[in-house]
Amino acid sequence: MMELDGVVELGRRRRKFRKPLLTRPLRTLPTIFECPHCGARAVSVDIRKNERNEQGLVHAIIRCGNCGLYAEMWVPEIYHPVDVYSKFLDAYLEGRIEYKFVKEEKKVSLEELASGESIDANREGGERAEEEAEEW
Ligand SMILES: [Zn+2]
């Protein structure tokens with residue numbers, strides 16, 4: 001049923017005001033951003049509000065899940081990820097920030113210790129050389 005002019009519903013129950021659009025109470029701020037290095041939409045910003053410096057700034061980690069770009073910043077506590085990102089982007093483009101590339105492979109240590117078993121010990125049949133010959 002269509003409300004052409006909002007008149008249709010008046011017959012049933014009188015409302016003080018037309019129902020406001022409640023589908024999105026607050027606009028969700030983005031937390032994933034485009035990477036200035038590789039262009040992938042894979043940059044996440046981690047604001048660590050419990051890590052604070054003498055100036056009252058909090059520690060923010062900027063990281064690309066695609067190319068491994070990694071940078072750290074100190075930002076005001078009120079910053080949202082999008083603020084951190086735009087500040088990072090400026091600094092990055094102007095060469096004012098140090099960054100490095102952190103590869104995912106490095107995450108072995110703690111997780112392996114926690115699991116207590118080495119899963120890799122049992123791996124077999126990893127040879128797929130035959131596929132090369134079959135594709136013509
Ligand atoms: Zn990237």
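## Worked exercises: a five-stranded sheet and helix H1

Six bridges join S3 to S4, and the two strands run antiparallel. Strands pair if DSSP finds at least two bridges between them. Helices (H or I, at least four residues) and strands (E, at least two) are DSSP runs, numbered from the N terminus. The model is predicted: local features need pLDDT of at least 70, side-chain atom pairs count only at pLDDT 80 or more, and totals for chains, interfaces and linings use all residues. Residues are numbered from 1 along each chain as its sequence is written.

**Exercise 1. Lay out the chain and its confidence.**

Step 1. Take the elements: the chain has three helices and five strands. Along the sequence they follow the pattern β-β-β-β-α-β-α-α.

Step 2. Now the confidence. The mean pLDDT (the predictor's confidence in each residue, from 0 to 100) is 77, and 56% of the residues reach 70 or more. Over residues 126–130 the pLDDT is below 50, and beyond near neighbours in sequence this stretch has zero contacts in the model. Here a contact means that two C-beta atoms, placed from the backbone, lie within 7 Å.

**Exercise 2. Trace the sheet from edge to edge.**

Step 1. Write down the order: S1-S2-S3-S4-S5, an open sheet of five strands with antiparallel pairing.

Step 2. Which strands stand at the edges? They are S1 (32–34) and S5 (99–101); each has a single partner strand, so one side of each is left without a neighbour in the sheet.

Step 3. Add the twist: neighbouring strands are turned by 30° against each other on average, direction ignored. The axes behind such angles are lines fitted to C-alpha atoms, for helices over the stretch in contact, and angles run from 0 to 180 degrees between N-to-C directions.

**Exercise 3. Find the partners and turns around S3.**

Step 1. On one side, seven bridges join S2 (residues 41–52) to S3 (residues 58–64). Valine 45 has isoleucine 62 as its bridge partner in S3, while valine 43 stands opposite cysteine 64.

Step 2. In the hairpin of S2 and S3 there are five residues between the strands, and glycine 56 takes a positive phi near 80°.

Step 3. On the S4 side, alanine 60 has methionine 73 as its bridge partner. The hairpin of S3 and S4 has four residues between the strands, with glycine 68 in the turn at a positive phi of about 85°.

**Exercise 4. Work out how H1 sits in the model.**

Step 1. Check the length. H1 (residues 81–93) has 13 residues and reaches 18 Å from its first C-alpha to its last, close to the 18 Å expected at 1.5 Å a residue. The expected span is 1.5 Å times one less than the number of residues.

Step 2. Which residues of H1 are buried? They are Pro81, Val84, Tyr85 and Phe88. Seen down the helix axis, these fall within an arc of 100°, so they line one face of H1; the arc is that of the directions from the axis to the C-beta atoms. A residue is buried if 20 or more other C-beta atoms lie within 10 Å of its own, exposed if 12 or fewer, and partly exposed in between, with C-beta atoms placed from the backbone.

Step 3. Turn the helix over: the face away from the buried side carries the exposed residues Asp90 and Leu93.

Step 4. Look for the cover: what lies over the buried residues of H1 includes S1, S2, S3 and S4 (69–75).
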